[in-house]
Structures are given as structure tokens and as C-alpha cells.
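Work through the exercises below with the sequence and the coordinates open, and try each task before reading its solution.

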Amino acid sequence: MEDRLPFGSELIDRVGWLINLRWLAVAGTLLAIGPTAVWFPGSLPFGTLLGITIAIAAYNGLFRAHLKAIRRTLLEEVQNRQASGSALGQIILDLCTLIALVHFSGGIENPMVWFLVFHIIIASILLPHGTSYWIAALAGALLITMTSLEVGGVWAHHHLPLLGVELYDEPLYLLVFVGGLVLVLFLVAYLTTSIAIRLGERDRELMTSNQTCQLRSQELKELNDRLRRVDEERTRFMVLVTHELRAPISTIYSALELALSGVASAEKTRDVLERAQKRAAELLDLIRDLLNLTRIREQTTTRDQAEEVQVDDLLREVAEFMKVEAEGKGLLLEVDIAPDVAPVQALPNQIKLVWTNLLSNAIKYTESGGRVWASLTQDDEKVRGVVRDTGMGMTPEDLSHIFDEFYRAENARKVSPHGTGVGLSIVQRTVEHWGGTIEAQSELGRGSTFTFVLPRADR
Ligand code: ADP
């Protein structure tokens, strides 16, 4: 059984409630004493009863002031301890004053003696659960002591004027009454303690589900934020794609319009249609790149589709294919591959695309007479691919944007007006998708170096 007390301000509020309740008890007692004193003058020690009531009011005032001081305490733990101590002190004092009031107003003849039960209930609300049994025991002991002293004549019994019969002349009745009342006190302690324990459990369950709810709502919020970011990125991508598609399509459209109008000469028409065809071919390139980029962006390839890929074989294959293009442009293409390069986990077509994009850029952006190298090495953990050229290079500003979708440097636009600006985005996303990284170094007019690493599949 875990003890659970109302904590901090909750406990203080309940102690405040007990103090307010006591003001009512004081008023009620005064209301009972007044008329009885008028109707049955001299029947009871009204002065003493009044004195006890004033004493109750006095200590209630003190407890009220003490509670105010407790409220000002900063440490919740100290606050809690002080409020709990105050509640215990009040309940014990209440028991003693109630027994005194009862004694001077008829002893067990006075129905007020049943008010002892309230103290047990209050104890189970304010104090740790086991304490209400101790309060019941104290109340029982006080009751038995009072009755015994009265019966023994040590404490003079004051007969209740309202009552005709003298209950103290019936010893058996006295025994059954006191015994019954003590039993009731313990039963009430048991009942209220059980209820308080159940309520405490409910409280804890509520607290736990409240915490779980908070956690869930936090998770939902994060998920929502992520979805919003993805949505924003998708919209941005759509805008960029539409913008990129617009230019070639409108060129092709204008060319067709001119050709169909019949106003241009046959030679001019042919020239325009040839340009349109070229633009259409570029458009197809762009669409191919966009498809590749979309696949990578959406990560439609899952890691369980991965296979062991020999990056060196793919480099040889791509370089062989690119050599023709490089030589046609008057460039020297060299390949340097370390022996026994370990495979990586990926899809072969995607790694081939990485080599193709990097090498075709190097060739595209290097003037005739320049050099392009591709090398492949490895260390304990990774496979490292490098593509270097002696081409036109980039400014630091361009370098910081080249992996952005559709970004093209000004010098690149001059050399190759109809590039897509998508190739490096595909390369970066592919490498990162398979657990690697890519970086670029470049100097304007001197050349560029692209280095990517991928984790070895055998580690
Ligand atoms: P594209 O080559 O179609 O423009 P990429 O995404 O492949 O698109 O490249 C983006 C930009 O990065 C290029 O437009 C160019 O400005 C720059 N770039 C890429 N590779 C090189 C290189 N080897 N030398 C100089 N600039 C390069």
C-alpha cells in the first residue's frame, strides 16, 4: 500500500478548508450553548463550555495565521511537511476539545459524541492513510477514559437536562454504547482509508494517462511539423520543375507555331524545327533527370532492395563510355583504381548514375586540352571515389549552391546553356541514401574536385 498525500497547494487548501469548517463548528457550539443556557439555566457548566469554545476559536485563529505563513514558504517539500504537521495538530486538539465539550455537556448522553467520527474522516482525507487508525485509537482511548473517569466519579458527570433518564445508571448500556462507538470509529477509519487509497490509485492512473497523452501530442506535433516541411519542400520542387519545363516547351511551341503559319521560308522553317527538335531532346534529358531525382527524393528504393555493388567495375564501364566524349573534346581522361576494392550496399544503376554525372560534368566544364581524373580507393571503413578536372572551376558562392536542385553557375550557363542543374542533386541524394557523403572543392579557372565516400559492404 503506497502512501499518498495530497501535495503542496492541494494539501494547504484542504487544511484551509478544515479551518473554515472549525469556524462553523464554533458557531454551531455557541448556538447550542446559548439557548440551552437560557432554557435550562444552571443545568450545565455553561461558563466552562463557553471557555472551551473560545479556546477552539483561539487556536483556530492561530492555525489560520500559521497556514498563511506556510503558504509563503517557497520549498514545496517544506510546505507539505508543515501543512501535514498542522493538520495532525489540529485533529488531535479537536479530539481533545470535543471530548471536553462532550464531558461538560452530558458525556455520552450528548449526541455530539458522534462527531468523533468526523475527525476520522478528516484524518483520512488530510493525513497519510495509516494515520486515521491511530486517530481512531486516540478518539476511542479518550472516549473510554472520559467515560471511565465519569463512572468512577473522578470527573463529575453533568447530566444532560433534555434527557429524562440517566444513562450512566445503566452500566451495560454504557459498555455497549462505548464499545459500539469505538468499533464504529475503526470501521469508519477502515472505510475512509480504503476509499482514499482507491482515489489515490485513480489519481495516479489519471496522472499516468495524462503524461502519456502529453507525450503522444508532442509526437503528433513533431510528425505534423515534419509533414508540413515535406509538403513545403514538395511545393517548392513543383514550382521549380514547372519553371524549368516552361522555357523549352514555349520555345518548341513558338517554333511549331511559326512553321505551321507558313509565313517563314522553307529554309527558315527547317532551321526553326531543328532548334525545336534540339530543345525537345534537352527536354527529354530534363525529364529523365527529374524522374531520377524524384525516385531518389521519394526514396522509393528501400535498403532491403540493396545489393553488393562493385563500384570499381561501374567506374571502368562509365569511363570507357565517356572516353569517346572526352577524346572528342580533346581531353585526357585517366582512371586510377586501387586493387580489390570492397563492394558497397546500393543499387548498381544508381551508383552508375553517380559516376556518369560527375564525369560528364567534369568533361562538360573543362576546356579542350585539359585533364579529367577519376580514382577509387578504400580505407578500413569506406570506399572513396574522386573525380577531378582542370576545368573552369567555380566561385565559393557557386560552390555553396551546386547541390541545390536546378542551381547552375553563371559560367556553366555560358559553356552549356541547356543543362538541367539537377545532376548533382541526384548524386548527393543517392550517396546520402546509401549512407555516404559527398563534398566538392573548386577554384575558379583552375578546376574542381568531387569526393564521395560510401560505407564498405563487408564491414
Ligand atoms: P548541370 O551540369 O546540368 O548544370 P549539375 O547539377 O550537374 O547540373 O551541376 C550543377 C552546377 O554545378 C553546374 O551548373 C555547374 O555550375 C556546377 N558544376 C558541376 N560540376 C562542375 C565542374 N566539374 N566544374 C565546374 N562547375 C561544375
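**Exercise 1.** Determine how many residues the hairpin that joins E4 to E5 passes through, and describe how these two strands pair.

*Solution.* The hairpin leads from E4 to E5 through 3 residues, where strands are DSSP runs of E with at least two residues and helices are runs of H or I with at least four, both numbered from the N terminus. The model is a predicted one, in which local features need pLDDT of at least 70 and side-chain atom pairs count only at pLDDT 80 or more, while totals for chains, interfaces and linings use all residues. Residue numbers start from 1 along each chain as its sequence is written, and side-chain values use heavy atoms, with hydrogens and water left out. Next, look at the pairing, for which DSSP must find at least two bridges between two strands: E4 and E5 run antiparallel and are joined by 7 bridges. Within this part, Gln-378 stands opposite Val-383 in E5.

**Exercise 2.** Establish the strand order of the open sheet and explain why one side of E2 and of E6 is left without a neighbour.

*Solution.* The sheet is open, with 5 strands in the order E2-E4-E5-E7-E6 and mixed pairing. Because strand E2 (332-337) and strand E6 (437-443) stand at the edges with a single partner strand each, one side of each has no neighbour in the sheet. From one strand to the next the twist averages 10°, with axes taken as lines fitted to C-alpha atoms, for helices over the stretch in contact, and angles running from 0 to 180 degrees between N-to-C directions.

Now take the remaining pairs in turn. E2 and E4 run parallel and share 6 bridges, and the partner of Ile-337 in E4 is Leu-376. E5 pairs with E7 in the antiparallel sense over 8 bridges, with Arg-388 bridged to Thr-449 in E7. Finally, E6 is joined by 7 bridges to strand E7 (residues 447-455), again in an antiparallel arrangement, and Glu-443 stands opposite Gly-447.

**Exercise 3.** Find which strands helix H8 lies across.

*Solution.* Helix H8 (residues 311-328) lies across E2, strand E4 (371-378) and strand E5 (382-389), and its direction makes an angle of about 170° with E2.

**Exercise 4.** Characterise the largest pocket by its volume and by its lining.

*Solution.* Begin with the space, which is about 1200 Å³. A pocket is found on a 1 Å grid over the protein atoms alone, as an open set of points where a 1.4 Å probe fits, with protein on both sides within 12 Å along at least five of seven lines, and lining residues have an atom within 4 Å of a point. The volume is the space filled by probe spheres set on the points, which are joined across faces, edges and corners. The lining has 50 residues, and those nearest the centre are Asn-357, Ser-360, Asn-361, Lys-364 and Gly-423. Elements that supply at least two lining residues each include helix H7 (266-298), helix H9 (348-364) and helix H12 (423-433), and H9 gives the largest share, 10 residues. By class there are 18 nonpolar, 20 polar and 12 charged residues, where Ala, Val, Leu, Ile, Met, Phe, Trp, Tyr, Cys and Pro count as nonpolar, Asp, Glu, Lys and Arg as charged, and the others, Gly among them, as polar.

**Exercise 5.** Repeat the analysis for the second largest pocket, starting from its volume.

*Solution.* The second largest pocket holds about 440 Å³ of space. Of its 20 lining residues, Leu-21, Ala-25, Phe-115, Phe-118 and His-119 are the closest to its centre. Helix H1 (9-39) gives the most to this lining, with 9 residues, and the classes are 14 nonpolar, 4 polar and 2 charged.

Terms used. Contact means heavy atoms within 4.5 Å.
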